[in-house]
Amino acid sequence: MKKVLILAAGLGKRMNSPRPKVVHEVLGKPLLNWTIDVAKEAKADEIGVVLGHGAELVYPLIPSDVKVFIQESQLGTADAVKAAKNFLNGKVVILYGDVPLISGEVVSSLFESKANMTILTAILETPFGYGRIVREDGKVIKIVEENDATDDIRKIKEINSGIYAFDSESLVYALDRIKNNNKKGEYYLTDAVEILLAGGYAVETVQVKNSNSVLGVNTQKELATLIKNVKDDINDALMDAGVTIEDPQTTFVGPDVIVESGAVLKPFTFIYGKSRISSNASIGPETTIVDCTVGNNTFVIRSDCSGSVIGNNCSIGPFSRLRPGTFIEDNVKIGNYVEVKNSHLSKGVKSQHLTYLGDATIGEDTNIGAGTITCNYDGVRKNKTFIGKNVFVGSNTALVAPVKVGDGALIGAGSTITDDVPAYALALGRAKQLNKEEWVLKKRRDSSDEK
Ligand code: UD1
Ligand code: MG
């Protein structure tokens, strides 16, 4: 059995934040989800997470196939593992929820380790804040926390990453014996080293090659540094793969985003979640895309898009907003101040100015005039609007849903459409214009007489 247990119950005191540390995001993805995905990549048979502080805020981030354990009060990393005692059998890799960048490959190699406890270590030029690996004759004898370290120990650059592999029996043996006699008065998992060695168990270390991959997040500054480092790594890899990034400093791409070679990312662009940007698409400047697919040759300019699928040869923006459930086929144009939510726009639809399309289905080559509003909400329910092919919706039309407009229909500008419009009909839903000849001149004459 290969198991990963992630510790994420800690207060994160040094973050100085009202929210639990592990919900803070790195490139649009909460710290904890980075670690959960690492465990998945390492093909763990079972994944467990220990929650405590602010558990109600962390819980919604956890996928349904991950087991949750609660540590009632945060008495230290060893106490956190104890909270998941029932989870411990077979080989267990412990990950800390605030060490997000470790690779799945390294974790899966730890499953193959033979010792009773294997510690993943790293050499850091500034090891401040980390537990130090203390060796005698080359062999690890203990881990000493920054707070408990002497000046000599503080000079050691080999640090504890907080990632370990244990066989469960040895882990339980150690947990039963760990005490809290240290400066913080916490039960330190790191004390397992001395306890296991004294009991005749084998403890080994593996040094990770990429020391940046074990950087932990304990303060807001460390979080910002980590974000910058990851962002740079992701941008470098994208550029190597043929993506044009005009200004890597202001371009942020999440770890689960796919950007195909030939795509162009312009300054101040943020692409997060499970997004996919196709070849020759151009994104930005000043655009945020979350969980979207963007087709070939599509331009998205100064816009905010989430949970949407956008086809090929489309033009979105400037200043468009696509909300979840939006499906846009090829050759569609969405222009300035147009908001689309939960709607299907077929090929060739144009909606270029000042419009709200919500819960709508729109047929091929239909033109939506400036200022069109689908009135989808009646205060109780969300209602649907169906518009056929080749429809011309005149400017400033209100479509009061539920309503259907047939193929080829024409709606006069300024209409309020409350009844279905048959195919190829002209619909006019506006007050008839009344012109009073020379009314203004007469009014002026009357008021000068009064003087
Ligand atoms: C810990 C290690 C340190 C290591 C560093 C790597 C210990 C005692 N120290 O220090 O050797 O170099 O990580 O980043 O293990 N947690 C709980 N319950 C608790 C306390 C902590 O679940 O009661 C969780 C936290 O949510 C966090 C992780 O354990 O994800 C580590 O806790 P943290 O307080 O950040 O430990 P560090 O001081 O960073
Ligand atoms: Mg930490």
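**View 1. Ring pairs link Tyr 96, Tyr 164 and Phe 166 into a cluster.** This is a predicted model. Three aromatic residues, Tyr 96, Tyr 164 and Phe 166, are joined here through pairs of rings. How many aromatic pairs does a search of the whole structure find? The search finds 6. Two further pairs, in the next views, show two kinds of geometry.

**View 2. Phe 69 and Phe 87 form an edge-to-face pair.** Their ring centres are 5.5 Å apart. The ring planes meet at 65°, so the pair counts as edge-to-face. The cut-off for that label is over 60 degrees. Where do the two residues lie? Phe 69 belongs to strand 5 (residues 67-70). Phe 87 is in the loop between helix 3 (77-82) and strand 6 (91-96). The pair links distant parts of the chain, 18 residues apart. Are Phe 69 and Phe 87 buried or exposed? Both are buried. Phe 87 has another partner, too: the charged end of Lys 3 sits over its ring. That charged end is 4.3 Å from the ring centre.

**View 3. Phe 252 and Phe 270 form a stacked pair.** Here the ring centres are 5.3 Å apart. The planes are at 15°, so this pair is stacked. Planes under 30 degrees apart earn that label. Phe 252 lies in strand 13 (residues 251-253). Phe 270 lies in strand 16 (residues 269-272). The pair therefore ties together parts that are 18 residues apart in sequence. Phe 270 is partly exposed, with a relative accessible area of 27%.

**View 4. Arg 177 lies over the face of Tyr 173.** Arg 177 is 3.7 Å from the centre of the Tyr 173 ring. Look for Arg 177 in the loop between helix 6 (168-175) and helix 7 (192-198). How accessible is Arg 177? Its relative accessibility is 38%, so Arg 177 counts as partly exposed. Now find Ala 192. Arg 177 and Ala 192 are 15 residues apart in sequence. In space, they are 8.3 Å apart, C-alpha to C-alpha.

**View 5. Asp 98 and Asn 218 are the protein donors of the magnesium ion (ligand 2).** Which atoms do the donating? They are OD of Asp 98 and OD1 of Asn 218. These donors lie 2.1 to 2.4 Å from the ion. Asp 98 is in the loop between strand 6 and helix 4 (104-111). Asn 218 is in the loop between strand 11 (203-207) and helix 8 (220-240). The pair therefore ties together parts that are 120 residues apart in sequence. Both Asp 98 and Asn 218 are buried.

**View 6. Two peptide bonds leading into prolines are cis.** Most peptide bonds are trans. The bond from Gly 284 to Pro 285 is cis, with omega near 5°. Pro 285 lies in the loop between strand 18 (282-283) and strand 19 (287-290). The bond from Gly 317 to Pro 318 is cis as well, with omega near 0°. Pro 318 is found in the loop between strand 24 (315-316) and strand 25 (320-322).

**View 7. Leu 27 and Asp 359 have a positive phi.** Most residues other than glycine have a negative phi. Leu 27 is not a glycine, yet its phi is about 55°. Leu 27 is in the loop between strand 2 (25-26) and strand 3 (29-30). Is Leu 27 buried or exposed? Its relative accessible area is 4%, so Leu 27 is buried. Asp 359 also has a positive phi of about 55° without being a glycine. Asp 359 is in the loop between strand 29 (350-358) and strand 30 (360-362). Asp 359 is buried at 7% relative accessible area.

**View 8. Phe 392, Leu 410, Leu 426 and Leu 428 make a nonpolar surface patch.** The patch covers about 400 Å². Leu 426 is in strand 39 (residues 426-427). Why does Leu 426 count as exposed? Its relative accessible area is 56%, and exposed means over 50%. Ala 427 is also in strand 39. Ala 427 is buried, with a relative accessible area of 11%. Ala 427 and Leu 357 are 70 residues apart in sequence. Their C-alpha atoms are 19 Å apart in space.

Conventions: Residues numbered from 1 in each chain as written. Chains lettered and ligands numbered in written order. Predicted model: local features only at pLDDT ≥ 70, side-chain atom pairs only at ≥ 80, totals over all residues. Heavy atoms only, no water. Patch = residues over 30% accessible without salt bridge, like charges linked within 9 Å, V, L, I, M, F, W, Y side chains within 5 Å. Areas by Shrake-Rupley, 256 points an atom, 1.4 Å probe, with all protein chains shown as cover. Salt bridge = Lys/Arg side-chain N within 4 Å of Asp/Glu carboxyl O. Helix = DSSP H or I, 4+ residues; strand = E, 2+ residues; numbered from the N terminus. Buried < 20%, exposed > 50% of the residue type's maximum accessible area, 1.4 Å probe, protein only. Phe/Tyr/Trp six-rings, centres within 6.5 Å; stacked < 30°, edge-to-face > 60°. Lys NZ or Arg CZ within 6 Å of the ring centre and 35° of its normal. Donors = N, O, S within 2.8 Å, 3.2 Å for Na, K, Ca; no water.
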